[in-house]
Structure formats: structure tokens, C-alpha cells
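Biologist: Could you take a close look at the surroundings of the ligand for me, and then place that site within the rest of the model? I would like one connected account rather than a list.

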Amino acid sequence: MSENANNTPVLELLELSIQFGGLHAVDGLNLRIKKGCLYGLIGPNGAGKTTVFNMITGVYKPTAGSVLLNGKNITGKSPVEINKAGIARTFQNIRLFKAMSVLDNVKAGLHNETKYTAIEGVLRLPRYFREEKRVNEKARELLKVFGLEDNINSIAANLPYGKQRKLEIARALATDPKLLLLDEPAAGMNPNETAELMETIRFVREQFNMTILLIEHDMKLVSGICEELTVLNFGQELAQGETAAVLKDPKVITAYLGE
Amino acid sequence: MRKQTKNNLITFSGTAVLCFLMAGLSTAGVLDNKTTGLLVPMGIYIILAISLNLTVGILGELSLGHAGFMCIGAYVSGAFSLIFQNTISPVWLRFALAVIFGGIMAAVFGVLIGIPVLRLRGDYLAIVTLGFGEIMKSIANNVYLTMDKNGLHFGFTVPPTNVDEATKQELLKGPIGMAAPQDTNVWIVAVVLLICLAVLMLFIDSRSGRACMAVRDNYIAAQSVGINVTKYRLMAFTLSAAIAGVAGGLYSHSLSLLAAKKFDYNLSILILVFVVLGGLGSLRGSIIATIILYALPELFLRGAGNLRMLLYAIVLVFMMLWTNAPFFIALREKIAASKPVMKLKSVFRRDKSDKSAGGAA
Ligand SMILES: Nc1ncnc2c1ncn2[C@@H]1O[C@H](COP(=O)(O)OP(=O)(O)O)[C@@H](O)[C@H]1O
Ligand SMILES: [Mg+2]
């Protein structure tokens with residue numbers, strides 16, 4: 001795997017399709033994301049973008065086609081297996097562990113990284129203390145990256161909106177993924193917050209050497225940070241390629257961007 | 001110290017002081033008979049309430065059959081004690097084995113009904129546990145167990161017939177129930193209660209407890225970070241059932257005669273009321289609510305005659321408001337932030353006296 005790490009895409013979708021009743025929500029989508037790439041998935045509302053995420057992460061089973069992670073077929077696996085294989089995500093409508101503290105949200109993300117059993121935990125054996133200490137430090141470091149170090153003990157639901165988005169990204173990164181999926185991270189943010197988020201996403205990519213696939217409506221953000229794009233329309237690919245070229249494509253302009 | 005560790009220490013030491021104080025007072029003969037008689041069942045109800053809080057408050061699943069697990073623990077451990085009454089000694093060993101065995105059997109049933117049901121989402125668990133509790137009660141109500149020189153004889157709905165009349169001992173007597181040896185006392189209940197409380201606190205404040213709460217708050221997000229939702233649902237549900245079984249074991253050894261009809265859904269609902277009014281997810285709240293709501297009608301409302309149920313209902317409504325209504329939550333925060341309380345807190349902080357703070361909390 002290591003010798004062809006450069007040409008095996010991190011994520012590859014082959015003829016990926018799903019039908020809900022008669023509706024072809026996603027129809028024959030092909031896509032390749034190189035390691036380290038910041039890839040954008042855009043398109044009008046209802047185009048099928050979130051559905052693509054749900055198929056990649058195992059929430060929905062595709063009716064046809066396949067999902068490859070580093071060349072390995074992961075189609076139809078459960079969300080837990082897919083996360084363990086190396087894909088983490090955020091959600092369009094934020095899904096935090098609302099009643100838990102900010103720190104515990106990230107520690108829940110570190111669940112599989114925390115190596116002690118339930119019995120070792122209840123008996124407070126040495127491994128409990130060692131692992132809790134390690135995981136605590138790791139969680140704090142991650143929260144610092146996102147500027148949440150002052151909110152560690154807040155209840156997640158009480159955070160302002162922008163910080164909730166950041167916490168969700170921190171929690172996803174806690175699972176140590178190879179590929180990060182962000183579903184409309186800038187939704188509901190003001191221009192300042194969006195600009196800050198752009199910086200954070202760039203930083204995450206550099207710091208963690210991360211490959212990122214992101215869904216977004218904010219064209220400034222998309223053209224600012226995405227290197228490649230796929231435009232979806234009615235579940236089908238409308239255009240694909242380098243960001244600048246795609247955004248100039250007349251098909252894209254008429255169907256999505258408008259004059 | 002972490003806030004949760006501190007909170008747990010306060011709750012635990014407060015409960016320990018209260019438990020041993022009451023046990024000591026009753027042993028010393030300071031309390032009247034009626035109050036003493038209430039202590040054992042009250043302790044058992046506290047164990048039931050904190051264990052149910054794991055399912056309802058921490059896991060976020062509604063269970064309406066907690067009495068069913070208690071019933072299994074009560075019958076299994078009671079039968080165990082009766083069967084080995086003359087073969088295992090000393091008594092404390094036989095009793096300990098009986099209670100542990102009752103807890104294990106309740107856990108086994110927790111797994112058996114948890115596996116099919118916890119895969120589903122929504123209100124399935126509430127419905128299935130409600131039915132489960134009633135079924136357990138009916139089975140216990142119809143089971144006969146007789147021992148003679150040839151061994152054990154079972155009967156269902158009718159007593160076994162082929163028994164040796166000269167040496168027969170009727171252990172389980174259908175609707176009449178059973179008379180397990182009365183091995184439970186206030187000290188044993190106090191110790192078991194504290195062990196159960198500690199186990200629950202340590203479980204909740206660990207990787208597994210976090211996983212359960214993550215599943216409760218958002219199971220899709222929990223899956224997305226690699227938490228095996230079914231595993232943790234089953235784990236918490238089983239632990240909750242096991243502790244209810246232990247409580248049942250204490251219960252059956254505290255009565256001269258125990259009939260299965262005690263374990264009907266009214267009991268499950270009563271415990272659920274303690275949990276909900278004490279605050280979901282708060283073990284301390286469950287303990288306080290159980291004490292207030294259990295002692296109140298027995299000790300203080302006796303004299304109120306016909307008004308008793310009315311007063312009880314008023315207390316219930318008030319407690320519900322106290323734990324849930326925005327006005328009262330704001331009021332509580334205001335009280336906590338008020339000058340006298342802050343002063344009190346700073347005094348205790350200087351003394352580092354957790355115990356006195358536990359009494360106040
Ligand atoms: N579970 C589902 N059942 C039926 N239809 C669905 C389901 N999930 C999504 N859809 C439909 O699929 C289409 C694409 O939705 P979605 O992927 O959420 O769009 P978006 O591009 O805005 O994220 C919509 O028409 C939506 O109604
Ligand atoms: Mg969407």
C-alpha cells in the first residue's frame with residue numbers, strides 16, 4: 001500500500017447510487033479524492049449531497065456501486081466499522097452530545113482510543129487512571145486547536161453556534177480519521193465566523209495532514225479553499241474538476257450559481 | 001479535583017453518613033419500631049431507584065418493568081436460601097451467595113430481553129419491559145417448589161404431587177409466596193446500598209458511562225465516532241437489571257412472607273416516579289426523592305387521614321416543578337448564587353469539609 005500511496009486515492013466512489021422508492025436520490029456518481037486534497041461537493045438543495053455522505057459513512061446502504069477507502073471496499077459496512085476504518089464526519093444539522101460537557105464530547109470521540117474495559121473502569125485499576133490521563137490531555141490539546149480551551153466544562157448545548165460547529169469537527173478528528181467529511185460547516189455562520197472557519201479548515205488540513213471532503217453553499221468558502229469540486233444536480237454529476245474551471249462552466253452557472 | 005469526582009464524593013459520603021447513622025440509631029433502639037421498620041424497604045427502594053436511573057437517565061431508555069428484575073432476584077435468591085438452609089453455613093455466606101446468584105439471574109434475563117429489544121429504537125423497550133414485568137410476576141405467582149428426601153420437585157400452577165409426605169418442605173407456594181430466612185438487616189442494606197451506589201458512580205464516570213450518555217444524546221453521532229450502540233445499551237441495561245436483582249434478594253430476605261403480586265407494574269411505576277422526580281441522570285436526586293417520597297406517606301401523613309393522598313399528590317407536583325419548571329430552575333440557581341449560600345460555601349471550602357457540605361446538599 002505504501003509504494004502506491006500517492007496514486008491510490010483516499011476515497012473513490014464508483015457508480016454510487018441509491019433509490020428511495022422511485023426517487024433516484026444519487027445516480028451513478030464517480031469521484032476520486034487524492035491524499036491531502038480539499039475536495040468540495042456542491043449543488044442545489046435536495047441534489048443528494050448529504051445522501052452521498054450517508055452512503056459513504058454507512059448510514060444508508062447504496063442500492064448500487066461501491067465506496068473504496070484507500071483502495072479497500074467498504075461498501076455496506078456499518079457506521080461503526082467505517083469510522084474505525086478511518087472516516088469521520090460532521091452533520092448538516094449539528095449532532096453534538098448535547099447534555100455532556102465539551103471535554104466529554106471529545107472524549108467520547110476518543111472512545112476507541114481509550115484502552116480499558118468496563119470492568120477495569122469500575123474497579124479503577126491502574127489502566128483506568130493512565131488512560132484517562134492520556135485521553136484527557138489529548139482532548140484538551142484538540143480543543144485548544146479549535147479555541148475551545150475556555151469552554152471545556154460547558155455543556156455542549158450551551159455553546160454559541162459557531163463553537164458548536166467547531167466542537168463537532170474536534171470530536172470527529174478525535175477518532176483519528178484518514179478522511180474527514182464536513183456537511184455544510186459554514187451554514188448559519190456570519191461572514192466573520194465563516195472566514196475564521198476557513199482558516200480552521202486549512203489549519204486542520206496542514207496540522208493533521210488530512211484529506212477533506214466538504215459540502216458547502218458558501219461560494220466564497222468553496223472557491224477559497226477547495227482544490228477540486230464535484231457539482232451534483234438531481235443526484236447526478238453536473239461537472240467535475242479543478243475549482244476555478246468548474247465554477248466557470250456554463251452548465252454549472254445556469255443550473256446552480258445563476259447569472 | 002474534577003467537578004464530577006467531587007460531586008460523587010459528596011453524594012457518596014453524605015449517603016454513607018446517613019446510612020450508618022440511621023442503622024446505628026435503630027440498633028441502639030433510639031428510633032421507634034415503625035421508623036426502624038421503614039429503613040430496610042427504604043434502602044432497598046433507593047437501590048432500585050439508582051439502578052433504574054442508569055437505564056432511564058444515563059442510557060435514556062424508558063423501562064417500565066424494573067419490578068420484574070427485582071422479582072427474579074427475590075425469587076431466585078429466596079429459593080436458593082431455602083434449598084441450602086441446612087447445607088451452607090455460616091449464614092452470611094449463604095445469604096451473600098443467594099443475593100449474588102439472584103443478581104446474576106436478573107442480569108441473564110436483562111441480556112435475554114435486551115438483545116432483541118435494544119436493537120430497535122423508540123418505545124419498544126418501554127412496551128416490552130412492561131410486559132416482561134407482568135409476565136415475571138405471573139410466573140412467580142404460579143410456581144411451586146417442594147423439597148423432600150429425593151430432591152426438588154417443581155410444579156406450575158399446581159403443587160407437585162409425587163412428593164414424599166414425611167420429609168416434604170414447601171419452599172415456593174404459588175400465590176401464597178415464600179418465607180425465606182430473614183437474613184436482611186439495616187446494616188447489610190446500608191453496605192449493599194453503598195456498594196451499588198459506588199459501582200454505578202464509577203461506571204457512569206468512565207469510558208463506558210460516557211459511551212452510554214453519548215448514545216442517549218445522539219445515537220447517530222455516537223455511531224459516527226465508532227461507539228457500538230447496541231453493546232453499550234445492553235451493558236447498561238444488564239447492569240441495571242443485575243442491581244435490581246440484588247435489591248430483590250435483600251427484599252425477599254426481609255419479609256416473613258413474600259407474595260409475587262407485590263412485583264406488579266405499580267411498583268415499577270413508583271420507582272420510575274422516584275427517578276423522574278429526583279432528576280434524570282442524578283443519583284443524588286434519586287436518593288433524596290426516594291427518601292422524601294417513601295417516608296412522607298408512612299411517617300408524616302399518617303395523621304392526615306383522608307387528606308393523605310391529596311397531600312402526597314401536592315408534594316409530587318411540587319417536586320416535579322422543582323426539578324423541571326424553568327421558574328424553579330432559575331430560582332435554584334439564584335439561591336445557589338446568593339450571598340449567604342456563597343458565604344457558606346466559602347466557609348466549607350476553607351475547612352475542606354466535604355461531609356458537612358454533603359449534608360447541606
Ligand atoms: N431517508 C430518505 N428517505 C427518502 N428520501 C430521502 C431520504 N434521505 C434523503 N432523501 C431525499 O433525497 C434527496 C436528496 O437529499 P439530500 O441528500 O439531503 O440533499 P442535499 O443535497 O440538500 O444534502 C431529497 O429529495 C430527499 O428528500
Ligand atoms: Mg444536505
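Modeller: In this predicted model, the residues that form the shell around ligand 1 divide into six nonpolar, five polar and one charged. The shell is made up of F20(A), L23(A) and A25(A), then P44(A), N45(A), G46(A), A47(A), G48(A), K49(A), T50(A) and T51(A), and finally Y60(A). Within this shell, three polar pairs can be described atom by atom. A polar side-chain atom of T50(A) is placed 2.7 Å from an oxygen atom of ligand 1, while K49(A) offers a polar backbone atom that is 2.8 Å from an oxygen atom of the ligand. With Y60(A) the partner on ligand 1 is a nitrogen atom, which lies 3.0 Å from a polar side-chain atom of that residue. As for cover, ligand 1 taken alone exposes 560 Å², and the protein buries 63% of that. Two elements of chain A give two or more residues to the shell, namely β2 (23–33) and α1 (49–56), and of the shell around ligand 1 the largest share, three residues, comes from α1(A).

Turning to the chain that holds this shell, the domain assignment splits chain A into domain 1, which covers 6–86 and 177–259, and domain 2, which covers 98–170. The C-alpha centres of these two domains of chain A lie 27 Å apart, and where the domains meet, 16 residues of domain 1 are in contact with nine residues of domain 2. The area buried between domain 1 and domain 2 of chain A is about 950 Å², with carbon and sulfur atoms giving 70% of it. On the side of domain 1, M189(A), T200(A) and F208(A) supply 29% of the area that this domain buries against domain 2, more than any other three residues.

The contact between the chains can be described in the same terms. It takes 28 residues from chain A and 25 residues from chain B, and the two chains bury about 2400 Å² between them, 59% of it on carbon and sulfur atoms. From chain B, R207(B), R210(B) and V225(B) supply 30% of the area buried against chain A, more than any other three residues of that chain.

Two points of backbone geometry deserve a check before the model is used further. Most residues other than glycine have a negative phi, and most peptide bonds are trans. Against that background, E15(A), although not a glycine, has a positive phi of about 45 degrees, and this residue lies in strand β1 of chain A, residues 11–20. In chain B, the peptide bond that joins S89(B) and P90(B) is cis, with omega about 5 degrees, and P90(B) has its place in the loop between α3 (66–83) and α4 (91–117) of that chain.

Definitions and conventions
Residues numbered from 1 in each chain as written. Chains lettered and ligands numbered in written order. Predicted model: local features only at pLDDT ≥ 70, side-chain atom pairs only at ≥ 80, totals over all residues. Heavy atoms only, no water. Near = heavy atom within 4 Å. Polar contact = N/O pair within 3.5 Å; in protein donor to acceptor, adjacent residues only side chain to side chain. Areas by Shrake-Rupley, 256 points an atom, 1.4 Å probe, with all protein chains shown as cover. Helix = DSSP H or I, 4+ residues; strand = E, 2+ residues; numbered from the N terminus. Nonpolar A, V, L, I, M, F, W, Y, C, P; charged D, E, K, R; others polar. Domains from an automatic or database assignment. Contact = heavy atoms within 4.5 Å. Buried area = accessible area lost by both parts, 1.4 Å probe.
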